[in-house]
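Here is a walk through one model, written for someone who would rather look than calculate. Keep the viewer open and follow along.

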Number of protein chains: 2
Amino acid sequence: MKYLLILFLSISVASSARANDGYGLWLDYSPVENSQLKQDVSQLFTGFYFFGKSPTYEIIRDELEVAGQKMLGSSPVFSTERLAQTQVWLGTRDELSQVLGLQTQAQIRELGEDGYWRGPIVFQGKTYYAIIGNRSIGVLYGVFDWLRSIQTDTFDPKTENSESPKVKLRMLNHWDNLDGTVERGYAGFSIWNWHKLPGYIDRRYIDYARANASLGINAVSLTNVNANARILTTDFMKKARVLADLFRPYGIRVFLTARFSAPIEIGGLKTADPLDPGVIDFWKKKTDEMYSFIPDFGGYLVKANSEGQPGPHEYGRDHAQGANVLADALAPHGGVVIWRAFVYSHELDEDRHKHANLEFGPLDGKFRENLIIQVKNGAIDFMPREPFHPLFGAMPKTNLGMEFQITQEYLGQATQLVYLAPMWEEVFGSKTYRPIPASRVGGIVDGTDSGQKLTLVAGVSNIGTDRNWTGHMMAQSNWYAFGRLAWNPDLSSEEIADEWVKMTFGQDPKAFAAIKEMLLESREAAVNYMMPLGLHHIMGWDHHYGPGPWVTGGRPDWTAPYYHQADSLGIGFDRTASGSDALGQYAPEIVKAWSDPTQIPEKYLLWFHHLPWDFELHSGRTLWDEIGLHYDTGVKTARKMEETWNSLESEIDPERFEHVRQLLAIQVQEAEWWRNACLLYFQTFAKRPFPAEIEQPTGDLEDYKKRSFPTAPGIKPKW
Amino acid sequence: MKYLLILFLSISVASSARANDGYGLWLDYSPVENSQLKQDVSQLFTGFYFFGKSPTYEIIRDELEVAGQKMLGSSPVFSTERLAQTQVWLGTRDELSQVLGLQTQAQIRELGEDGYWRGPIVFQGKTYYAIIGNRSIGVLYGVFDWLRSIQTDTFDPKTENSESPKVKLRMLNHWDNLDGTVERGYAGFSIWNWHKLPGYIDRRYIDYARANASLGINAVSLTNVNANARILTTDFMKKARVLADLFRPYGIRVFLTARFSAPIEIGGLKTADPLDPGVIDFWKKKTDEMYSFIPDFGGYLVKANSEGQPGPHEYGRDHAQGANVLADALAPHGGVVIWRAFVYSHELDEDRHKHANLEFGPLDGKFRENLIIQVKNGAIDFMPREPFHPLFGAMPKTNLGMEFQITQEYLGQATQLVYLAPMWEEVFGSKTYRPIPASRVGGIVDGTDSGQKLTLVAGVSNIGTDRNWTGHMMAQSNWYAFGRLAWNPDLSSEEIADEWVKMTFGQDPKAFAAIKEMLLESREAAVNYMMPLGLHHIMGWDHHYGPGPWVTGGRPDWTAPYYHQADSLGIGFDRTASGSDALGQYAPEIVKAWSDPTQIPEKYLLWFHHLPWDFELHSGRTLWDEIGLHYDTGVKTARKMEETWNSLESEIDPERFEHVRQLLAIQVQEAEWWRNACLLYFQTFAKRPFPAEIEQPTGDLEDYKKRSFPTAPGIKPKW
């Protein structure tokens with residue numbers, strides 16, 4: 001240990017001069033090594049020409065300056081005259097209309113407000129490379145895409161590329177409290193310094209906007225859904241305005257969370273009843289005031305009647321009545337209400353899995369057009385693996401948006417490498433059979449199958465004050481993947497991993513292959529050593545750190561045994577018709593297939609079925625043995641990831657190498673802890689030996705139960 | 001405003017490649033420009049030779065590597081053989097004994113365990129440059145001093161330099177809570193990540209140790225004096241051990257805060273009575289356990305019977321009885337108790353100014369030898385200006401240490417540039433007339449006048465997770481100045497400013513002169529626009545942000561009127577014999593001079609005297625007019641500082657320039673706010689016009705009173 005410390009000291013201090021602390025994210029451009037590519041790009045960098053003026057073009061200019069320095073070792077040249085001597089043309093379709101053919105113009109017009117076209121253009125006998133959008137923000141997106149193609153060695157100056165996002169609102173949700181803490185934040189504290197705003201603009205705000213713009217993220221909600229009404233006071237509007245002004249040229253609109261009881265708390269009213277004229281007037285005036293400060297304010301994100309948050313039910317009103325009041329206040333300004341479907345309450349004595357559909361299903365068609373119901377990917381709560389949420393496909397007359405959790409509340413928090421794109425890909429690819437037989441979740445969310453025009457993919461941010469933004473630097477991949485998937489839900493997790501690894505670590509083939517493999521196997525590893533075969537909600541109490549299948553206390557649906565239902569006979573939650581019948585909320589095709597424990601995909605087995613310990617799985621093994629094998633496989637994959645990384649010492653800069661090395665060592669320990677604790681606990685019910693083929697769990701169950709983590713992050717400080 | 005934002009965007013993003021975020025502190029070596037110096041140093045950098053082996057030498061090697069790269073553009077050469085071809089010799093006196101003359105050896109021995117000698121050595125006809133200590137840590141201090149001499153352009157290879165610290169314990173006190181918040185922290189949150197310890201070593205820990213070692217800081221207390229007993233549990237000892245192991249080769253020992261009620265809270269006892277055998281045993285065993293993890297553990301820092309913290313008074317015991325139990329537990333291991341004198345309690349119905357002397361004075365001589373009473377520089381609480389604490393000189397048979405506050409709780413917090421060294425210099429230079437007529441506070445603290453051997457200068461840290469460590473990057477100067485003054489209380493604030501500015505901003509003469517001037521005038525400016533002429537404790541409630549001379553509520557000595565005593569007749573706190581007679585706690589020479597309002601230095605006037613508004617000051621002005629003039633002068637100096645800085649745009653890198661520019665704009669606003677609010681408030685008593693020569697205060701007093709700052713930093717989050 002002492003030796004290791006000394007070793008660490010000596011490698012780390014020496015590397016100060018060349019330290020890579022991860023702040024640069026995927027935008028810390030590495031030198032172009034492919035000589036043909038370098039020649040092509042260097043040529044283009046000798047003459048940029050902007051066809052118009054815009055704050056966004058200043059951003060592009062700065063980005064090209066940074067990229068030129070880092071990729072090519074020299075500054076780009078920006079021309080203001082002599083068009084014929086330029087190389088790269090930048091501007092909107094309107095600005096370039098004099099030099100574009102009508103067909104190209106039409107082609108670009110179809111790309112919509114956020115799309116871009118890039119490719120060669122011949123004008124007066126000479127070929128130029130052009131990057132064109134319908135708005136300046138499209139040009140910015142095109143430039144980022146072009147730079148990405150250079151960094152991933154896929155740029156061809158002769159090829160046309162055009163893209164437009166499949167989703168309208170590509171949004172980060174910050175669960176940041178006004179006091180600087182972050183609920184479920186594992187990367188330090190909130191990057192928003194409300195005290196120093198509006199006078200002081202932290203450099204981070206700009207770098208944050210830049211990173212989001214590079215992915216096409218165009219909306220951010222700054223504050224926690226467990227909301228504080230104070231954010232809607234005039235003082236805070238003035239602070240939020242500064243951020244909105246900064247983000248605007250990056251194409252990002254600001255949203256805020258609206259606490260449903262704000263009319264009482266800051267409006268001086270005695271009620272927040274959404275049908276009360278005073279309340280209606282409060283929201284209208286408050287919203288008008290907001291737009292006086294932020295003319296392109298995005299709208300409100302609301303968590304109502306869930307986990308103690310106030311809502312319309314207090315007044316005998318339903319979600320539609322509550323949400324529509326806000327929507328009506330926003331509508332004249334072009335704003336949007338995002339209303340969360342994550343609800344569960346004491347009132348309803350039903351499997352929590354069913355609450356959202358029971359509360360929202362009957363309201364289909366009653367919500368305003370400028371309103372989206374934001375639905376978590378699954379019905380419980382961001383588990384390592386969940387079947388898709390049964391609301392998708394069940395509300396054909398309502399705008400539905402997707403809510404993913406980028407912050408790894410249940411997937412290793414700050415200490416584990418878990419690349420989440422495979423999970424999100426799995427969700428988007430899930431067949432819903434509704435509204436049309438071929439429907440997938442992705443097709444509902446992006447409007448292809450649902451026909452909805454107001455579309456949304458939101459992600460709960462994993463960003464904090466840690467220098468590398470995300471705590472675990474490999475968790476930057478999740479911010480990246482979220483942005484890319486929000487832009488295009490059809491991208492594969494592997495394509496995205498390809499991009500991110502190359503942009504973050506350069507193109508060393510050994511490192512590339514190794515890191516990509518680590519990413520792609522990491523989520524299944526986590527499912528295996530945490531909650532395999534459909535197990536869920538068996539983590540530590542409150543802070544959700546580590547295993548806690550024994551956790552009881554509080555309401556039943558906050559405990560672990562409620563979800564795993566382990567007893568002497570077997571394990572699993574019966575959600576078929578013989579149980580809670582939550583399964584009945586899905587399309588008939590799914591009900592039919594998943595009701596049968598031999599037909600349901602085994603990854604969802606215990607989510608829907610309570611089965612005997614000796615139930616035989618497709619492998620021929622008993623359920624008990626298979627559980628053991630999954631846990632053990634998870635641990636072994638974690639160890640393999642650690643070995644893989646440690647083999648890269650000479651390929652990775654010392655600071656990042658050491659950072660990930662230490663965290664992977666912790667991940668292996670935590671994986672072993674999960675396996676040992678869960679298997680020892682379940683064995684008290686199963687009363688069977690562990691399968692011989694696995695490493696036998698070690699440690700003492702009572703010791704595992706006694707562990708306490710008073711400094712676990714992500715909850716509001718209580719001392 | 002919009003224009004400014006766009007301008008800021010464009011300058012800031014473009015500078016990414018050369019961004020200076022301030023993380024490098026005063027150790028971000030700039031290129032040596034003086035050509036003779038560069039030649040001398042380059043020559044020396046071609047051959048370093050270590051006469052021994054030590055983890056500390058690895059640190060030196062790394063530091064030289066960084067410094068060589070940054071100062072000279074090339075790596076140093078380290079030789080392992082061929083002594084005659086080397087240039088710089090490094091090692092301890094023992095290690096170099098074969099090559100050192102006896103006289104030099106004797107000279108070095110006298111420098112003590114932390115001293116160093118550097119200079120030319122002739123050996124076998126050739127001259128070498130040597131840096132020698134009595135321990136390896138002395139060599140490290142010598143190297144940092146040598147590098148500083150290069151950066152400040154004062155290095156002469158022909159001159160001998162030797163130094164040893166005048167104070168034994170040069171210590172940072174972190175008021176960091178285990179939940180990551182920092183009480184009175186204005187630079188983000190705690191840099192200690194207790195959750196990820198012991199498995200994960202944040203790079204910051206090393207850079208923190210390096211910065212401290214560069215100043216000679218050799219002790220740190222990691223946790224808040226408002227203590228949580230949990231830090232003394234085995235789990236946390238294992239975490240603290242990792243930090244102790246990391247800090248050891250930097251010469252830094254770890255201290256922890258001991259909560260007096262820990263025997264009850266974590267020991268399972270029913271009492272914390274220091275005379276109870278079970279309690280004595282608890283502290284002994286707990287301390288033994290601590291040393292099993294940290295063999296060079298520094299000891300305990302304790303706040304007892306103050307502001308609600310538990311202490312010996314609960315059991316009818318005095319401070320000596322309470323403190324000695326801890327001291328006895330530590331003594332066998334060489335540990336030290338640091339017991340704070342900052343006490344005030346409900347029990348004592350006296351001017352709070354007098355509490356410490358009343359409680360501690362009678363205990364003189366009753367404290368153990370391995371125990372220091374840590375005394376704040378003044379008797380109230382780190383005000384912008386306080387007379388020195390009357391305990392200094394009043395306890396000749398007790399070890400007394402100094403407690404400064406580096407974090408700017410009452411001096412502008414995170415938004416104001418206030419260089420604190422002039423204040424600390426003023427304190428150290430204050431004549432106490434006790435124990436000997438020539439005594440100064442500095443001479444008591446460093447043992448010269450007091451004869452005490454265990455000496456301490458402690459500073460409440462201003463360090464947090466903000467990338468630049470201290471929130472306001474100019475506040476780095478306070479960390480720096482604290483360390484330098486703790487090493488040598490006789491240094492002048494101007495010398496220290498010289499060093500810091502050159503090491504932080506390089507040697508551009510225009511920038512150097514301007515920044516140095518800003519630093520040196522900043523503290524008097526703050527006194528003037530906040531609390532001139534001896535006014536004190538008139539800041540905002542609880543968070544202490546901004547003016548609050550009207551603040552009432554809670555116990556009387558938490559209110560502002562208790563301290564300023566303004567009424568229709570006059571203003572000021574009568575602490576002479578006709579009042580609380582706190583003045584009587586000082587030496588007779590001081591009592592005599594300061595009892596007379598015409599003789600007392602006017603900077604302390606209202607601290608000790610309640611005087612009529614028309615009382616005539618040395619200037620010939622009335623007290624009322626002089627108060628107005630001081631406030632106004634403060635504002636004008638702040639504006640001048642802003643103008644000075646803004647004239648340096650072409651001399652400073654854009655990121656730091658913009659950072660300080662924004663904060664100075666806020667500082668001017670806050671200075672105006674202080675002046676306006678305080679003068680308008682005091683006018684309600686004085687009922688006199690403001691002097692014509694000042695800018696007339698604007699704004700509405702009621703509006704100033706109504707301002708609320710729910711997101712002011714530095715207090716424990718309450719929502």
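What follows goes from the barrel to its strands, and then to some charged pairs and a loop.

## What you are looking at

First things first: this is a predicted model. The UniProt record, an unreviewed entry, puts "domain: Alpha glucuronidase N-terminal" on residues 25-146 of chain A. In the model that span is 39% helix and 21% strand, and its end C-alpha atoms lie 17 Å apart.

## The barrel in chain A

Which strands close into a barrel in chain A? There are 8 of them, and they go round in the order S7-S8-S9-S10-S11-S12-S13-S14, with parallel pairing. From one strand to the next, the twist averages 25°.

Zoom in on strand S11 (residues 336-340) of chain A and you'll find it running parallel to S12(A), with 4 bridges joining the two. If you want a spot to click on, A:Trp339 has A:Ile373 in S12(A) as its bridge partner. Helix H10 (residues 319-330) of chain A packs on the sheet here, touching strand S10 (299-302), S11 and S12 of chain A. The direction of H10(A) makes about 155° with that of S11(A). H12(A) also packs on the sheet. H12(A) touches S13 and strand S14 (456-460) of chain A, and its direction makes about 155° with that of S13(A).

## A covered strand in chain B

Now hop over to chain B and pick out strand S11 (residues 336-340). Is it buried or exposed? It is mostly covered, with 5 of its 5 residues buried. In a regular strand, side chains alternate between the two faces of the sheet, so it makes sense to check each side. On one side of S11(B) sit B:Val336, B:Ile338 and B:Arg340, on the other B:Val337 and B:Trp339, and they are all buried.

S11(B) has a parallel partner in strand S10 (residues 299-302) of chain B, over 4 bridges. Within that pairing, B:Tyr300 has B:Val337 as its bridge partner. To get from S10(B) to S11(B), the chain goes through helix H10 (residues 319-330) of chain B, in a right-handed β-α-β crossover. S11(B) is also joined by 4 bridges to strand S12 (residues 371-376) of chain B, again parallel. Here B:Arg340 stands opposite B:Gln374 in S12(B). The path from S11(B) to S12(B) leads through helix H11 (residues 355-360) of chain B, and this β-α-β crossover is right-handed too.

## Arginine 385 and its two partners

Side chains of opposite charge can pair when their charged atoms come close. How many salt bridges are there over all chains? The count comes to 99. A good one to look at is the salt bridge between A:Glu426 and A:Arg385, at 2.9 Å, N to O. A:Glu426 is in helix H12 (residues 421-428) of chain A, while A:Arg385 is in the loop between strand S12 (371-376) and strand S13 (400-405) of chain A, so this pair links distant parts of the chain, 41 residues apart. With a relative accessible area of 19%, A:Glu426 is buried, and A:Arg385 counts as buried at 7%.

A:Arg385 also forms a salt bridge with A:Glu524, where the closest N and O atoms are 2.8 Å apart. A:Glu524 lies in helix H16 (residues 509-530) of chain A and A:Arg385 in the loop between S12 and S13, so this pair ties together parts that are 139 residues apart in sequence. A:Glu524 is partly exposed, at 34% relative accessible area.

## More charged company

Further along chain A, A:Arg656 and A:Asp653 form a salt bridge, with the closest N and O atoms 2.9 Å apart. Both residues, A:Arg656 and A:Asp653, are buried. There is a network of salt bridges as well, linking A:Asp632, A:Lys636, A:Arg639, A:Glu672, A:Arg675 and A:Glu695.

## A proline in a loop

Last stop: A:Pro435, in the loop between H12 and helix H13 (441-445) of chain A. What does A:Pro435 contact, leaving aside its neighbours within four places in sequence? It is in contact with A:Ile444, A:Asp449 and A:Ser450. The C-alpha atom of A:Pro435 is separated by 7.6 Å from that of A:Ala394, 41 residues apart along the chain. With a relative accessible area of 43%, A:Pro435 is partly exposed.

Methods
Residues numbered from 1 in each chain as written. Chains lettered and ligands numbered in written order. Predicted model: local features only at pLDDT ≥ 70, side-chain atom pairs only at ≥ 80, totals over all residues. Heavy atoms only, no water. Buried < 20%, exposed > 50% of the residue type's maximum accessible area, 1.4 Å probe, protein only. Pairing = 2+ DSSP bridges. Right-handed = clockwise from strand over helix to strand, strands pointing away. Salt bridge = Lys/Arg side-chain N within 4 Å of Asp/Glu carboxyl O. UniProt positions renumbered as here; feature names shortened; annotations may be inferred. Axes fitted to C-alpha atoms, helices over the stretch in contact; angles between N-to-C directions. Contact = heavy atoms within 4.5 Å.
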